[in-house]
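Please walk through the enclosed spaces of this structure and then through its unusual backbone angles.

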Amino acid sequence: MKIKRETKPWFYYYFKSLNGIIGIIILSLLSIGALVALFHATPYDPVAQDVAAILKPPSGHHIFGTDQFGRDIFSRVLDGVRRSLAVSILSVAIASIAGSLLGVAGGYFGTILDTIVTRMSDVFFAFPAILMALAIVSSLGHSWLDTAIAIGIVYTPIFVRVTRGPVLSLKETDYVKSGRVLGFSTPRILFKHLLPNVMPIVLVQIALSLSWAILTESGLSFLGLGTQAPDASLGLMVSEAQALAAFAWWTLAGPSLALIFAVVSLNLVGDGLRDSLDPTRRSI
Amino acid sequence: MKLEVRNVTKVYESNSKERTVQALNGVSFSVEEGSILGIVGESGCGKSTLSRIVAGLEEPTSGEVLISGLPRKGIAKFIRKSSKRPIQLVFQDPYSSLNPRQTVYHAIEEVVKIYDHELDAADTQTRIFELLSSVGIGKDLSHRYPHQFSGGQRQRICIARSLAAKPEILVLDEPVSALDVSVSADIINLLLDLQREFNLTYIFVSHDLGIVKHVSDSIIVMLAGEIVEFGSWTQVMDSPKHEYTKRLIAAIPSLENLKIKETGA
Ligand SMILES: Nc1ncnc2c1ncn2[C@@H]1O[C@H](COP(=O)(O)OP(=O)(O)OP(=O)(O)O)[C@@H](O)[C@H]1O
Ligand SMILES: [Mg+2]
C-alpha cells in the first residue's frame, strides 16, 4: 500500500513566514541589480564622469541623481551592491565552511584538536573584527579577493563558536547515544544526526554574517582600505557623500538605502530560515 | 545468550581531578537467557551508569562484562563486523532519545537498513510497519516527527527502534518513570508481551519496587553503587537481608504487599 510521505521540503515552510518573503524579495531585487552591474548593463558607466551633469538631483535621466564628478549614482549603487555582495558571499563561504568543520570536529572529538581550535578562536575574539580585518588587509593587499579573505578569516571563529557549543551538548544527548548503541558509524552520527541539528544555527549565522560582512567591507572602504576610487563601493560612496550630503542629499541617500536594504533583507532571511528549518517551530 | 557482570567498578573524575565519584563499586551479577532481572535503588545509586556499561556505551573502570561467557571487549570486533548489537538500551527520557528532525519512519528505517540491509524497498517498508505495529503505532502516524507524539507513544517508538536491531538482551533504564501511571501500565504490559514473543532477556531498571514486582523473575537492590541484595523475587521478599531492602518493602503500598504474599505463598 502507498503511504503519504511528508516530503514537504523546508522551503515550503520558509514561504509561510512573512519576514522571510519580504527578505527574499528585497534580496532578489538587490541580486538582480548586482547581476545587471556584473554584465555591464547599468544605464551609465559607473566610473564615467560628465562635467555637464555635476550634482544633479534625481530626475528622469539620473533616477538617483549624480555625484560631484557627474557620475550616475544609480549605476554606481548597482556596481557597489555587486561588489559588496561578492565580497560578503565569498568571505562568509570561507568562514562558514572552515568554522563549522573546525567547530563540529573540535566539539565531537575533543582532545588536542579542540584545545587548539578554541584557543585560536579566543585570540581572534580578543580583537574587534574591524581591527583584525584591517591588519589582515594591510598585509594581503587591497583587491576585492584580499578583502574577502580577510573578512572570511575574521568571521571564522564565529562559526567555530556557534557550532562547537551545540555539538558539545548534542553529543551527550540520548539520541546520539542511542545511535551509538544501535551501531551507527561515526560519519553517520556526525553528518546525519549532529550536522542537521546545527545547520539551522549555521544558516541563520550565515545570513547574519553576510550582513555584517557587507558592513565590514563598507567600513574598510570607508577607511580607504577596501575598494579604491574610482571604483564604486557602498562604503566608499557613503564616505565621499559625507561632505556633500548637506546640500546634495541624494549622494548619501542612494548608497545608504542600498546598504540598509541589503542588511535588513539578510536579517529577515535569517529569521525566515530559523523558523522554517526547525520542525518544532512549524505549525502542524 | 547469558549476560554476566563481574566485579564492575566505575569512577568518574571531574575536570579538576580532585573530586571523583565512585558510581559503581564491585558490582557482580548474572542474568539467565529469557529472564527478567529487576534493578531497584534510589536516585544516584548508579543504575543508569550500570545500564550504560552493560549496553557498551561506557567502559568500566575495572571489572568486565561477559556475553555468552566471552568478555565484551574480545567480541567487540566480531560484533562490529557482523553489524550485530545483541544488547540494546531503552533510555529513561523518551523526549530526548529521538532525533527531533527525523520522522518516526526514517528513525526506524535507519536501523532496519543496518540490520536488514538485504531487504528491498518494499520489504523494508513492510518491516518498518511491522515493527511499529508490534508496539501499537499505526502506519498512518509513521511520517510524523517525534514532537507530534505523546511521551508514551515516543517510548513505544524507541522500543520499536531497539527491536529493529534484533537484540537478545534489552536494558530498560527506567522506561516508564517519565510517564504517568496509566500510560506506564500500558507500556509495561507491552514490554511483557514483547519479551514473551521474542524470548528476550530484560534488565529492568526502576526506582519503584512496586513496578519491578510486576515484571521481574529476580531482583537486585542497589545502594550507593553497590549491590545489597540479589535473589529471586520470593527470596528477597520473604527474607530480605539488608536493612535498606526491608525499608523498601515496607514502603510498597500495603494492598500490593498483600497480593504479593498471596501469590508468593
Ligand atoms: N558522566 C558522569 N560524570 C560524572 N559523574 C557521573 C556521570 N554519570 C553519573 N555520574 C554520577 O554517578 C552517580 C550515579 O549516577 P546514575 O545516573 O548512574 O544514577 P541513577 O541510579 O541512574 O539515578 P537516577 O535514578 O536519578 O537516574 C551519581 O552520583 C552521578 O552524579
Ligand atoms: Mg538513571
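About 70 Å³ of space lies in the largest cavity of this predicted model. In total, the structure holds 3 cavities of 30 Å³ or more. Rolling a probe the size of a water molecule over the atoms shows where empty space is left.

Which residues line the largest cavity? The lining is made up of Asp67(A), Gln68(A), Ile73(A), Arg76(A), Met237(A), Glu240(A), Ala241(A), Leu244(A) and Thr251(A). Two elements of chain A, α3 (73-109) and α9 (234-241), give two or more residues to this lining. The largest share, 3 residues, comes from α9(A). By class, the lining of the largest cavity holds 4 nonpolar, 2 polar and 3 charged residues. Asp, Glu, Lys and Arg count as charged, so Asp67(A), Arg76(A) and Glu240(A) make up the charged group in this lining. The polar group consists of Gln68(A) and Thr251(A), and the nonpolar group of Ile73(A), Met237(A), Ala241(A) and Leu244(A).

The second largest cavity has about 60 Å³ of space. Its lining takes residues from chains A and B. Chain A supplies Ser178(A) and Leu182(A), while chain B supplies Gln88(B), Leu89(B), Val90(B), Phe91(B), Ser97(B), Cys158(B), Arg161(B) and Ser162(B). Within chain B, β6 (87-90) and α5 (151-164) each provide at least two of the lining residues. How many residues of each class line the second largest cavity? The lining divides into 5 nonpolar, 4 polar and 1 charged. The charged residue is Arg161(B), and the nonpolar group includes Cys158(B), because Cys counts as nonpolar in this division.

The backbone of chain B is the next topic. Most residues other than glycine have a negative phi, and most peptide bonds are trans. Lys166(B) is not a glycine, yet has a positive phi of about 50 degrees. Where does Lys166(B) lie? Lys166(B) belongs to the loop between α5 and β7 (169-173) of chain B. With a relative accessible area of 36%, Lys166(B) is partly exposed.

Asn199(B) also has a positive phi of about 50 degrees although Asn199(B) is not a glycine. The loop that holds Asn199(B) runs between α6 (181-198) and β8 (201-206) of chain B. Is Asn199(B) buried, partly exposed or exposed? Asn199(B) has a relative accessible area of 46% and is therefore partly exposed, since exposed means over 50% and buried under 20%.

Methods:
Residues numbered from 1 in each chain as written. Chains lettered and ligands numbered in written order. Predicted model: local features only at pLDDT ≥ 70, side-chain atom pairs only at ≥ 80, totals over all residues. Heavy atoms only, no water. 1 Å grid on protein atoms, 1.4 Å probe; cavity = no way out; pocket = protein on both sides within 12 Å on 5 of 7 lines; lining within 4 Å. Points joined across faces, edges and corners; volume = space filled by probe spheres on them. Helix = DSSP H or I, 4+ residues; strand = E, 2+ residues; numbered from the N terminus. Buried < 20%, exposed > 50% of the residue type's maximum accessible area, 1.4 Å probe, protein only.
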